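Please open the model in a viewer and keep the sequence panel visible. The tour below proceeds from the whole chain to single residues.

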Amino acid sequence: MTVVATMIVKGLLATEPIYYGLLAALTAYVLVSLAGRPTDPVRLAAWRERLAGRGSAEPEHGGAPPAPEKGAGTTVASRTD
């Protein structure tokens, strides 16, 4: 909305609408970040450990379960008579 309104006022080829749009997006990002609740300390500590290269690659909370190994559960019994 900011970019379109500024393009109408300043002109289609003006560069100011881009700057105003970036400024509006940054303002919205900061306001939403400050209004939201902070990250859980346990989750934040796990994230920092992973960034430092000391954490495990497996997620501790949530996430998808590990994929079964190839051929697991598909064993076919064969008879030899």
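Begin with the whole protein shown as a surface: about 7,700 Å² is exposed, and carbon and sulfur atoms supply 63% of that area. Accessible areas come from the Shrake-Rupley method with a 1.4 Å probe, and for residues only the protein chains shown count as cover. The model is predicted: local features need pLDDT of at least 70 and side-chain atom pairs count only at pLDDT 80 or more, while totals for chains, interfaces and linings use all residues. Residues are numbered from 1 along each chain as its sequence is written, and side-chain values use heavy atoms, with hydrogens and water left out.

Of the 81 residues, 4% count as buried (under 20% relative accessible area; exposed is over 50%, and partly exposed lies in between, with a 1.4 Å probe and protein chains only).

Next, switch to a cartoon view. The secondary structure comprises three helices and zero strands, in the order α-α-α along the sequence. Helices (H or I, at least four residues) and strands (E, at least two) are DSSP runs, numbered from the N terminus.

Select helix α1 (residues 2-10) together with α2: their axes come within 8 Å and cross at roughly 155°. The two helices, α1 and α2, are therefore roughly antiparallel (angles over 145 degrees; under 35 is roughly parallel, 65 to 115 roughly perpendicular, and the rest oblique). The axes are lines fitted to C-alpha atoms, for helices over the stretch in contact, and angles run from 0 to 180 degrees between N-to-C directions. The crossing of α1 and α2 is right-handed, that is, the near helix is turned clockwise from the far one by less than a right angle.

Now select Ala 25, which lies in helix α2 and, at 45% relative accessibility, counts as partly exposed. Add Thr 2: the C-alpha atoms of Ala 25 and Thr 2 are 9.5 Å apart, although 23 residues separate the two in sequence.

Move to Leu 26, also found in helix α2 (residues 16-35). Which residues join Leu 26 in a nonpolar surface patch? Leu 23, Tyr 29, Val 30 and Leu 34 complete the patch, of about 550 Å². Patches are made of residues with over 30% relative accessible area and no salt bridge; like charges are joined within 9 Å, and nonpolar side chains (Val, Leu, Ile, Met, Phe, Trp, Tyr) within 5 Å.

Finally, select Glu 49 and Arg 54, which form a salt bridge with the closest N and O atoms 3.2 Å apart. A salt bridge is a side-chain nitrogen of Lys or Arg within 4 Å of a carboxyl oxygen of Asp or Glu. A search of the whole structure finds one such pair. Glu 49 is partly exposed at 33% relative accessibility, and Arg 54 is exposed at 61%.
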